[in-house]
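Here's a quick tour of a structure you haven't met yet. Have the sequence and the 3D view open side by side, and we'll go topic by topic.

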Amino acid sequence: MYSVRQGTRAANFENQVLPEIKEKRSKILLDFSNEVQKEINESYVGKKVKVLVEERQGDVYKGHTANYIQVIMKSQEDIRNKIIEIEFSCD
């Protein structure tokens, strides 16, 4: 997808794609991406993975595995900026 802005070459392209078609295509791709991510997450259920914990909001932490799967977890301890091992689940 490109952005039509005045002064750019894209602004002068013929046969512009209608905004509603771009939105529909974007939704299709986003839905597909979400489905693939769900399948990947489900394939990790029950496996132990290492997570780099990056963010904290109260007792909820966010981090990523070595292959960039986002993990959200709770902890009473401050585990920010640590690599921890967890058993993956999709709760």
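## Briefing

Let's start in helix α1 (residues 19-43), where K27 and D31 both sit, four residues apart, or about one turn of the helix. Keep in mind that this is a predicted model. From the helix we'll move on to charged pairs, a surface patch, the core, an aromatic pair and a few single residues.

**Charged pairs**

- The structure holds three salt bridges.
- As background, side chains of opposite charge can pair when their charged atoms come close.
- One of the bridges joins the side chains of K27 and D31, with 2.7 Å from N to O.
- D31 has a relative accessible area of 40%, and it counts as partly exposed because that value falls between the 20% and 50% cut-offs.
- Next up is the bridge from R56 to D78, whose closest N and O atoms are 3.9 Å apart.
- R56 lies in strand β1 (residues 48-57), while D78 is in the loop between β3 (70-74) and β4 (83-87), so this pair ties together parts that are 22 residues apart in sequence.
- D78 also meets R80: their side chains form a salt bridge at 2.9 Å, N to O.
- Put those together and you get R56, D78 and R80 linked in a network of salt bridges.
- How exposed is each member of that network? R56 is partly exposed, at 40% relative accessible area; D78 is partly exposed at 36%; and R80 is partly exposed at 36%.

**A nonpolar patch on the surface**

- F32, V36 and I40 make a nonpolar surface patch of about 250 Å².
- V36 belongs to helix α1.
- With a relative accessible area of 31%, V36 is partly exposed. That value matters here, because patches are made of residues with over 30% relative accessible area.

**The nonpolar core**

- Which residues make up the largest nonpolar core? There are 10 of them: V49, V51, V53, Y61, I69, V71, M73, I79, I86 and F88.
- Two elements, β1 and β3, give two or more residues each to this core.
- The largest share comes from β1, with three residues.
- V49, one of the core residues, lies in strand β1.
- V49 is buried, at 11% relative accessible area, because anything under 20% counts as buried.
- Leaving out neighbours up to four places away in sequence, V49 is in contact with Y44, T65, I84, E85, I86 and F88.
- V49 and M73 are both in the core, and their C-alpha atoms are 13 Å apart, with their positions 24 residues apart in sequence.
- I69 is another core member. Beyond residues up to four places away in sequence, I69 touches Q37, I40, N41, Y44, G63, H64 and F88.

**An aromatic pair**

- The count of aromatic pairs comes to one.
- That pair is Y44 with F88, and it's tilted: 5.9 Å centre to centre, with 50° between the planes.
- The pair links distant parts of the chain, with Y44 in the loop between α1 and β1 and F88 in the segment after β4, 44 residues apart.
- F88 is buried, at 5% relative accessibility, and it is also one of the residues in the largest nonpolar core.

**Two more strand residues to look up**

- T65 is in strand β2 (residues 60-65).
- Is T65 buried or exposed? T65 is buried, with a relative accessible area of 7%.
- Setting aside neighbours within four places in sequence, T65 is in contact with V49, K50, V51 and V71.
- T65 and I84 are 19 residues apart in sequence, and their C-alpha atoms are 9.7 Å apart in space.
- K74 is found in strand β3.
- K74 is exposed, at 64% relative accessible area, because over 50% counts as exposed.
- Not counting residues up to four places away in sequence, K74 touches D59 and V60.
- The C-alpha atoms of K74 and Y61 are separated by 5.9 Å, with the two residues 13 apart along the chain.

Terms used: Residues are numbered from 1 along each chain as its sequence is written. This is a predicted model: local features need pLDDT of at least 70, side-chain atom pairs count only at pLDDT 80 or more; totals for chains, interfaces and linings use all residues. Side-chain values use heavy atoms; hydrogens and water are left out. A salt bridge is a side-chain nitrogen of Lys or Arg within 4 Å of a carboxyl oxygen of Asp or Glu. Buried means under 20% relative accessible area, exposed over 50%, partly exposed in between (1.4 Å probe, protein chains only). Patches are made of residues with over 30% relative accessible area and no salt bridge: like charges are joined within 9 Å, nonpolar side chains (Val, Leu, Ile, Met, Phe, Trp, Tyr) within 5 Å. Accessible areas come from the Shrake-Rupley method with a 1.4 Å probe; for residues, only the protein chains shown count as cover. A nonpolar core is a set of buried Ala, Val, Leu, Ile, Met, Phe, Trp, Tyr and Cys residues joined through side-chain atoms within 4.5 Å. Contact means heavy atoms within 4.5 Å. Rings of Phe, Tyr and Trp (its six-membered ring) pair if their centres lie within 6.5 Å; planes under 30 degrees apart count as stacked, over 60 as edge-to-face and the rest as tilted.
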